[in-house]
Every structure is written in structure tokens, then in C-alpha cells.
Amino acid sequence: MSNSHKPFVIQSIEVRLVGLPMIHPFTTSFGTIKDKATVLAHVTTADGVEGWGEGSALPFPFYKPETTDTAMLALSRYIAPLVVGKTLQHPSDVLGLYAGVKGYTFAKTALETALWMLYSEMEGASISSLLGGEATSIPVGESIGIHPTMKEELEEISIRIDEGYRRIKVKIKPGFDVNVVSAIREKFGDIDLMVDGNSAYSLKDMNTLKALDEFNLTMIEQPLADDDIIDHATLQKQIKTPVCLDESILSAEDARKAIEIGACKIINIKPGRVGGLTESKKIHDLCAEKGVGVWCGGMLETGIGRAYNIAVSSLPNYIYPADMSPNNIFYEEDLINPTYEVKNGYVQVPGQPGLGFSIVTKRIEKYTVDKVVIS
Ligand code: OSB
Ligand code: MG
């Protein structure tokens, strides 16, 4: 990704904290997300080309330490000032400018993805094609939040299966795991099914993890601690179900180490969690070389963040369906209009330059709760 192109100057970076009311809460082992907050970056070049990016951290530090508030602070105070006024030739050039800033991958993603949008417009080529993507549509699945009752849990799964979703992922937590998987297998048979523990388990729960191993799951996502690839390696040796890492992988370096010690057989690459599309592509390439399949997870992004998830999912080693719940179950109004469409379990990959979806700046304005301009 280092072809030489016409240089462009970053004139201004506007950073926004946006709050979107959610229609339905989303519950995981670490807590319930009731109102969605997200961070947007709006970047303008000296030639007047604009890009919007999203860094979809959560409003609390229960998934990873970074939150929307700390992402806002890191982006406006430390990251954006290192980039504004600088000349770039490619979106990936920005990584070197803020390499000294540790962590804050969601904040970095808001900025880095905005650069992909404006770069794609300048190049007259889609983000997917610039990344080396090939697929023109991608298979998607839904991530089912933990419901108050098993009846409601099974009802939502039933709807998604009827709609054609390619696989079902259920959020699990201690006490809501073997029972839910067992009920799903009983009701829906041999569907493509996986679980996500969001770090709620430890090796002390080996009995439960081994019980889950009996259900022919496509994978078990991040059962153990977010900073513990060693125990994931121990677990992987004892179960046949592939372990998939989410929270543990923040970079291609993390991925290299996890694969080297046998901590996983699959990686969930979320652009937000790894700092953007450049790092996503790097992890994708490394995994392809090592025979580790990948897929694109989600952070309940608005349509802006989802657009980047869709673009990167067109790369050839994204071999499992992406987490792409229908947007209208979360938000009354998306920040893109029309929003992405899931048809028969597939989403079309935009072939045109730019984001590939129309951004509704009026809605962004309406839901903005904080704004800082760095120029
Ligand atoms: O662990 O994959 C996760 C949402 C918020 C935080 C963490 C996760 C999730 C999801 C939702 O599973 C997937 C989506 O965005 O549709
Ligand atoms: Mg996950």
C-alpha cells in the first residue's frame, strides 16, 4: 500500500462525540449498551476534499479500556495535532505521524478511516479496490445480544434465520451458555453457530468450555481475558472448537504472537479495535500467510463505520460472515441514508469512490454532543 500518489495536505480535523439513542439495548457478558456514543473525525484537505471516519469505542471501559470520552480526548489533544498541517501521499502514512501515541486504537481509526474516504475520492477508486478487495458482496451474520428470556433469544434467532443471515453468534456469560447453545441446537439444528464470551471466563471454567466444545460450534470468540493469549493457547490445546480472538488483538504484532503460540485458529478483525484499515489489512495478510481465517466483527457502528467494515471484508481471507446486524434494530436514524442493506444474508460492497454511502450531515449535527476543531 505504498504506491506514490499526489501529495495532499491535512488542513483541518474536526472531532465529534455523537450520541445516538438505541431502539433496543444490546447486552453482553460485560454489560448493557443502552445509548450509543461514537467518535467521528471529519478531515478536510487544503484542496477541499473531505472525509468522515468513525472510531466506535463504547461509552464505558468494560470491553477495552478506551471509551468514547477518552478517545475524544486522545484524538483532539494528542493525535490530531500531530497530523494537522502535514502532507501525506497515502492514508497509511498517518500511522508514522502518531506512532508515538500508545493505544487509543478507536481514536486513531476515526482519523485513519476518514483519510481512506478522501483518498478514495481523489484516486477515483473504491476503498475496497484500493485495499485489494475482490468480493462484490459479503456474507453477514448477526450477533445476538443476551435477552432476558430464552424465549426472546430464540425468537430473534428465528427471525434472522428466516431473513437469510448466514450465521448466528450468541453472546454468552457464565450461567447463560451451555443452556442457550443446547436450546438453539435443539430448535434450529445444524445452523452455522458460534458464541462470544467477551472475556467472562477463565481456565477455572474448563468444564463449561469443554461442554460447549460438544456442540460443533464454528468458533468460540474471546472466552478468556482480553490480555491473556497464554491461557487461550492452553485452552485451544484442550478443545477442538477453533478459538477466535477479538479483545486480545490490537495490532498485527499481537496477531503474530497469538498465532505463534497457538492461542487461536481464527481472528476477528475490527477496524476500530486495531486502529483502522491499514492495520486490518496487515493482520489479514499475516493471517492469510499463516493459514488463519479472519472475519470482520462490529462495534455497533453507525453506517459510517459499517461502510469501512464492508469494504475491508471484501479481502480474500475474510472467510467467515461479518457481524452486521440490521442497523434499524439499533438506531432510529442512521448517519447514512439509505443505510446498508442485508439481502438474503449478503451486503453489496460499494464499487464507487468514497464511502459508497450518502452521509447525512444534518443528522450528524443533530446528534453531536461535543465538537473540537483542530486546524
Ligand atoms: O465482542 O463482538 C463483540 C458489540 C459491542 C462490543 C463488542 C462486541 C459487539 C458485538 C456486536 O458483538 C456486533 C455488531 O456490531 O453487530
Ligand atoms: Mg467479540
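Visitor: When does a charge count as sitting over a ring?

Guide: A charge sits over a ring if NZ of Lys or CZ of Arg is within 6 Å of the ring centre and within 35 degrees of the ring normal. Keep in mind that this is a predicted model.

Visitor: Okay, so which ring has the charged end of Arg167 over it?

Guide: That's the ring of Trp295, with the charged end of Arg167 5.0 Å from its centre.

Visitor: Switching to rings with rings. How many aromatic pairs are there in the whole structure?

Guide: A search of the whole structure turns up seven aromatic pairs. One of them is Phe30 with Phe60, an edge-to-face pair at 6.1 Å centre to centre, with 70° between the planes.

Visitor: Where do Phe30 and Phe60 lie?

Guide: Phe30 is in the loop between β1 (8-28) and β2 (31-45), while Phe60 is in the loop between β3 (50-55) and α1 (68-83). The pair therefore ties together parts that are 30 residues apart in sequence.

Visitor: And Phe30, is that buried or exposed?

Guide: Phe30 is buried, since its relative accessible area of 16% falls under the 20% cut-off. Phe60 is buried too, at 14%.

Visitor: What about Phe330 and Tyr331, how are their rings arranged?

Guide: That pair is tilted, because the planes are at 55°; the ring centres are 6.0 Å apart. Phe330 is buried at 3% relative accessibility, and Tyr331 is buried with a relative accessible area of 2%.

Visitor: Back to Phe30 for a sec. Which residues form an aromatic cluster with Phe30?

Guide: Phe60, Phe62 and Tyr63 join Phe30 in one aromatic cluster.

Visitor: New topic: holes. How many cavities of 30 Å³ or more does a search find?

Guide: Four, from a search of the whole structure. The largest cavity holds about 190 Å³ of space.

Visitor: What lines the largest cavity?

Guide: It has 19 lining residues, and Phe26, Lys171, Gly298, Met299 and Leu300 lie nearest its centre. β1 and β6 (168-171) are the elements that give two or more residues to that lining.

Visitor: And by class, what's in that lining?

Guide: The lining of the largest cavity has eight nonpolar, five polar and six charged residues.

Visitor: How about the second largest cavity, what volume of space is in there?

Guide: About 70 Å³. Its lining takes in 13 residues, with Glu54, Thr109, Gly272, Glu301 and Asn309 nearest the centre. At least two lining residues come from each of β3, α3 (105-123), α10 (271-274) and α12 (303-312). By class, the lining of this second largest cavity has four nonpolar, seven polar and two charged residues.

Visitor: Now the pockets. Which residues are closest to the centre of the largest one?

Guide: The largest pocket has about 350 Å³ of space. It is lined by 17 residues, and His24, Pro25, Gly145, His147 and Glu156 are the closest to its centre.

Visitor: Which element gives the most to that lining?

Guide: α5, with five residues. The elements giving two or more residues to the lining of the largest pocket are β1, β5 (137-144) and α5 (150-163). By class, the lining has seven nonpolar, five polar and five charged residues.

Visitor: Last one: what's the volume of the second largest pocket, and what lines it?

Guide: The second largest pocket has a volume of about 290 Å³. Its lining has 14 residues, of which Leu95, Tyr98, Lys108, Val274 and Glu279 lie nearest its centre. By class, that's six nonpolar, four polar and four charged residues.

Terms used
Residues numbered from 1 in each chain as written. Chains lettered and ligands numbered in written order. Predicted model: local features only at pLDDT ≥ 70, side-chain atom pairs only at ≥ 80, totals over all residues. Heavy atoms only, no water. Phe/Tyr/Trp six-rings, centres within 6.5 Å; stacked < 30°, edge-to-face > 60°. Helix = DSSP H or I, 4+ residues; strand = E, 2+ residues; numbered from the N terminus. Buried < 20%, exposed > 50% of the residue type's maximum accessible area, 1.4 Å probe, protein only. 1 Å grid on protein atoms, 1.4 Å probe; cavity = no way out; pocket = protein on both sides within 12 Å on 5 of 7 lines; lining within 4 Å. Points joined across faces, edges and corners; volume = space filled by probe spheres on them. Nonpolar A, V, L, I, M, F, W, Y, C, P; charged D, E, K, R; others polar.
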